[in-house]
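Could you walk me through this protein, from its overall make-up down to a few individual residues? Please keep it in plain paragraphs that I can follow with the structure open beside me.

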Amino acid sequence: MTVISTEKYLTPAAKAGLIRLFQICQTKDAYCPSYPEDGDVFFFLREKEQDSDFAAAFILFHLEEDLWEVTALTHPAFRQKGCFRQLLDAAEESFPNADFVFAVPPKAEPAASVLKAIGAHYWYAEHVMAMDAPDFLTPSGETVSPSCQIQWPDGCRTSPGDDISACFYGNQTLTASCRLNFSAGTEGSACCIYQVLVPEVLRNRGWGFRFLTALIPCLIQKKVRHFLLQVSGDNLPAMALYKKTGFRITETLWYYLY
């Protein structure tokens, strides 16, 4: 096996190989963290150096200081052959002082067993929340001020693969923002909402609720039918906000720290 490492920007061939590996793992496991091509550092494992496909991959997302979140993918044909250990050793060699965080869904007991075996310990839980367009709860008795507007990038078409920002302005002041990533499904397009931010000085004033109740109808008009987001199990105000607009918990991820 040959380990290849690279930072941030993938060649078209490497990106295509990563996406193929991701899709294979997603089909096999019925769950995989999304958007692996957005990582900051990549470690790939090939059976032979000239192969175009990867046997396994470690995608590192830089969180802070020496803390990295890791998405680990191993082709089903190469599991239980030491691929995970080989890539972990390569990551540790490159970042000897780093702590690595792994997300594990409850049904992925083999992955949790591997992490426990290498000495990783449970850190915290995060919930996946989802909503279909018909389940959106239109707020009763509340309206969005005409002065509050969603700002979209020019030419936004919500095409599969698009990753864009949406910003919410009240009285010409940025009051909330988020990132949106779109994908296509068998029952209509889907949107992952992430990095929802409200400036600290404006929190607890209802801006997050106004933002979502303006944003989601806009997305529905753009033919989005499914919505997805993740929220920390400790973030009770955010969970209450999302439930208020129609989101429900569909999966809980357990995070392990190594």
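**A walk through the fold**

The buried residues of α1 pack against three strands, namely β2 (41-46), β3 (56-64) and β4 (67-74). That is a good place to start looking, but keep in mind that this is a predicted model. The buried residues in question are Ala14, Gly17, Leu18, Leu21, Phe22 and Cys25. They sit on the same side of α1, because the arc they cover around the axis is only 135°. Turn to the other side of α1 and you will find Pro12, Ala13 and Thr27, which are exposed. The helix also passes a simple length check: with 18 residues (12-29) at 1.5 Å a residue, α1 should span 26 Å, and its end C-alpha atoms are indeed 26 Å apart.

Now step back for the whole chain. The protein has five helices and 12 strands, and 42% of its 258 residues count as buried. Among contacts with a separation of 6 or more, 65% are between residues 24 or more positions apart.

To see the strand side of the α1 packing, pick out Ala57, which lies in strand β3. With a relative accessible area of 1%, Ala57 falls under the 20% limit and is therefore buried. Beyond residues up to four places away in sequence, Ala57 touches Leu18, Leu21, Phe43, Phe44, Thr71, Ala72, Leu73 and Leu87. Two of these names, Leu18 and Leu21, are already familiar from the buried residues of α1. Ala57 and Thr74 are 17 residues apart in sequence, yet their C-alpha atoms are 6.4 Å apart in space.

Next, the nonpolar cores. In soluble globular proteins, nonpolar side chains tend to be buried together. Here the largest nonpolar core has 32 residues, and those with the most contacts inside it are Leu180, Cys191, Ile193, Leu219, Phe227, Tyr242 and Phe247. Two or more residues come from each of β6 (121-132), β8 (163-170), β9 (173-185), β10 (188-197), α4 (207-221), β11 (224-232) and α5 (236-245). Of these, α4 gives the most, with eight residues. A second, separate core has 25 residues, including Ala56, Leu87, Ala112 and Leu115.

Ile193 gives a close-up of the 32-residue core. Setting aside neighbours within four places in sequence, Ile193 is in contact with Cys178, Arg179, Leu180, Phe227, Leu228, Leu229 and Phe247. Thr175 makes a useful second stop, placed in strand β9. Its relative accessibility is 1%, so Thr175 counts as buried. Apart from neighbours within four places in sequence, Thr175 is in contact with Phe168, Tyr169, Gly170, Leu197, Val198, Pro199, Leu202 and Trp207.

Aromatic rings offer another way through the model. How many aromatic pairs are there? The count comes to 13. One of them joins Phe84 and Phe102, a tilted pair with 5.8 Å centre to centre and 45° between the planes. This pair links distant parts of the chain, as Phe84 is in helix α2 (residues 83-94) and Phe102 in strand β5 (residues 99-104), 18 residues apart. Both Phe84 and Phe102 are buried. The pair of Phe168 and Phe211 is tilted too, because its ring centres are 5.7 Å apart and its planes lie at 35°. Since Phe168 lies in strand β8 and Phe211 in helix α4, the pair ties together parts that are 43 residues apart in sequence. Phe168 and Phe211 are buried as well. Elsewhere, Phe42, Phe44 and Phe54 form one aromatic cluster.

What about the cysteines? A disulfide is a covalent bond between the sulfur atoms of two cysteines. In this model the count of disulfides comes to zero. Cys25 counts as buried because its relative accessibility is 1%, whereas Cys218, at 23%, counts as partly exposed.

Finally, look at two loop residues with notable backbone angles. Most residues other than glycine have a negative phi. Asn204, in the loop between β10 and α4, has a positive phi near 65°. With a relative accessible area of 82%, Asn204 is exposed. Lys223, in the loop between α4 and β11, also has a positive phi, near 75°. Its relative accessible area is 58%, so Lys223 is exposed as well.

Key:
Residues are numbered from 1 along each chain as its sequence is written. This is a predicted model: local features need pLDDT of at least 70, side-chain atom pairs count only at pLDDT 80 or more; totals for chains, interfaces and linings use all residues. Side-chain values use heavy atoms; hydrogens and water are left out. A nonpolar core is a set of buried Ala, Val, Leu, Ile, Met, Phe, Trp, Tyr and Cys residues joined through side-chain atoms within 4.5 Å. Buried means under 20% relative accessible area, exposed over 50%, partly exposed in between (1.4 Å probe, protein chains only). Helices (H or I, at least four residues) and strands (E, at least two) are DSSP runs, numbered from the N terminus. Contact means heavy atoms within 4.5 Å. The expected span of a helix is 1.5 Å times one less than its number of residues. The arc is that of the directions from the helix axis to the C-beta atoms. A disulfide is a pair of cysteine sulfur atoms within 2.5 Å. Rings of Phe, Tyr and Trp (its six-membered ring) pair if their centres lie within 6.5 Å; planes under 30 degrees apart count as stacked, over 60 as edge-to-face and the rest as tilted.
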